[in-house]
Amino acid sequence: MDFTHQPVMLNEVLGFVPHTIKTAIDCTVGGGSHAEAMLKAIPKLSLYGIDRDAEAISQSKKKLAEFTDRVNLIHDSFSNAIDKLQELEVKVDFILADLGVSSKQLDDHHRGFSFRSDGPLDMRMNQDEMTTAGTIVNQSDEKELASIIRKFGEERYAKRIARNIVAFRQKQEFTTTLQLAECVEQAVPLKYRHGRIHPATRTFQALRIEVNHEIEELEALLEGSIRLLNSGGRIAIITFHSLEDRPVKQIFRKWVQPCQCPTGLPQCVCGLEPLARLLNKKVITAKTEEKELNPRSRSAKLRVAEKL
Ligand SMILES: C[S@@+](CC[C@H](N)C(=O)[O-])C[C@H]1O[C@@H](n2cnc3c(N)ncnc32)[C@H](O)[C@@H]1O
């Protein structure tokens, strides 16, 4: 059985979806598995399914074919789609975002997301965008490269890797994922080459985040989503690394305790009222059985908030 396409923490997510809800947005509809489960569980639910990957939209269109009258698929980034839905004064009861790349994107070597198989240095989730990983690797200067790799990969050898990338491209342009993976591997110390994770993991993560503006997208989602929710509506976000989880945790905390008064004041004078409450005090992670069956779930973290 192929377990790679299992939706991450499906039961945990469903556990937070009240059966009385009428409208939902799946910001990252992907192959449509989370969406399908929600539509099946709640016969009166209408759902907006957003994805910036045209292949994901056609895949979810097939998967959700029996629900066409209740599904509205939108091919766009969730930041743009959220803006448009706000302009239309749409309000919903549930928002889900299952961030990052799908296993389908990762496993398709033509998309260039993986350092494990050879493919073009692409990494665009939306193939209508101009900038690929190749553009960045071939055109950014050494300082910019080091900064991207450090910031979005939290890679301690960012400087050495950037230096080796620039040295490599003086001989030839980067065109493939394996060229880059080898170049990164050669740049890091021997002991790091045989560590727990592949030495190119963090560099590939950094380039993917840069190519797809993932942090800006997440900030826009956190900013806009609370306004789209009805009172009592919920937002569930699944993240896969600390650069994603940190802002979610911080914004949720700010919704719960927005007060900006200096500590020590006898009472609040800023007047900022809480916007939401947390539905899980402790972050939720996948169960051991899921982690064994679906390696992608191992780093997943789920946080859920409810608008007051
Ligand atoms: C982890 S997969 C989602 C899988 C989905 N939950 C399912 O059940 O099949 C993430 C999906 O989100 C999409 N995505 C990531 N960031 C996005 C963004 N900012 N705007 C729209 N789609 C995005 C990716 O293209 C990918 O298809």
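Biologist: With which residue does Asp76 form a salt bridge, and how far apart are the closest N and O atoms?

Modeller: This is a predicted model, and the distances given here are computed from it. Asp76 counts as buried, at 13% relative accessibility. Its salt-bridge partner is partly exposed, with a relative accessible area of 46%. That partner is Lys84, and the closest N and O atoms are 2.8 Å apart.

Biologist: How many salt bridges does a search of the whole structure find?

Modeller: In general, side chains of opposite charge can pair when their charged atoms come close. The criterion applied is a side-chain nitrogen of Lys or Arg within 4 Å of a carboxyl oxygen of Asp or Glu. Over the whole structure, the search gives a total of 14.

Biologist: In which helix do Lys40 and Glu36 lie, and is each of them buried or exposed?

Modeller: The two side chains meet in a salt bridge, with N to O at 3.6 Å. They are 4 residues apart, about one turn of the helix, and that helix is α2 (residues 33–41). Because its relative accessible area is 53%, Lys40 is exposed. Glu36 has a relative accessible area of 18% and is therefore buried.

Biologist: Which strands hold Arg234 and Glu306?

Modeller: The side chains of Arg234 and Glu306 meet in a salt bridge of 3.0 Å, N to O. This pair links distant parts of the chain, 72 residues apart. Both Arg234 and Glu306 are buried. Arg234 belongs to strand β5 (residues 229–239), and Glu306 to strand β8 (residues 301–307).

Biologist: Which residues are joined into one network by salt bridges that share partners?

Modeller: Some salt bridges are linked to one another through shared partners. The residues joined in this way are Asp53, Glu55, Lys104 and Arg111.

Biologist: Which helix gives the most residues to the largest nonpolar core?

Modeller: The largest nonpolar core has 37 residues, and those with the most contacts inside it are Ile161, Ile165, Phe174 and Leu180. Helices α6 (133–139), α7 (142–153), α8 (158–171), α9 (177–187) and α11 (201–211) each supply at least two residues of this core. With 6 residues, the helix that gives the most is α8.

Biologist: Leaving aside neighbours within four places in sequence, with which residues is Ile165 in contact?

Modeller: Ile165 is among the residues with the most contacts inside the largest nonpolar core. When its neighbours within four places in sequence are set aside, its contacts are Val137, Leu145, Ile149, Phe174, Leu180 and Cys183.

Biologist: How many residues does the second, separate core have?

Modeller: Among the members of this second core are Met9, Val13, Leu45 and Val71. The core is separate, and its size is 28 residues.

Biologist: What share of the ligand's accessible area does the protein cover?

Modeller: The ligand is surrounded by 24 residues, the closest being His34, Asp51, Phe78, Asp98 and Glu217. A polar side-chain atom of His34 lies 2.8 Å from a ligand nitrogen, while an N or O atom in the side chain of Asp51 is 2.7 Å from a ligand oxygen. A polar backbone atom of Ser33 is 3.1 Å from an oxygen atom of the ligand. Of the 610 Å² of accessible area that the ligand has on its own, the protein covers 95%.

Biologist: Is Asp245 buried or exposed?

Modeller: Asp245 lies in helix α13 (residues 242–256). Not counting residues up to four places away in sequence, Asp245 touches Thr239, Lys301 and Arg303. Because the relative accessibility of Asp245 is 8%, this residue counts as buried.

How values were computed:
Residues numbered from 1 in each chain as written. Predicted model: local features only at pLDDT ≥ 70, side-chain atom pairs only at ≥ 80, totals over all residues. Heavy atoms only, no water. Core = buried A, V, L, I, M, F, W, Y, C linked by side-chain atoms within 4.5 Å. Buried < 20%, exposed > 50% of the residue type's maximum accessible area, 1.4 Å probe, protein only. Contact = heavy atoms within 4.5 Å. Near = heavy atom within 4 Å. Polar contact = N/O pair within 3.5 Å; in protein donor to acceptor, adjacent residues only side chain to side chain. Areas by Shrake-Rupley, 256 points an atom, 1.4 Å probe, with all protein chains shown as cover.
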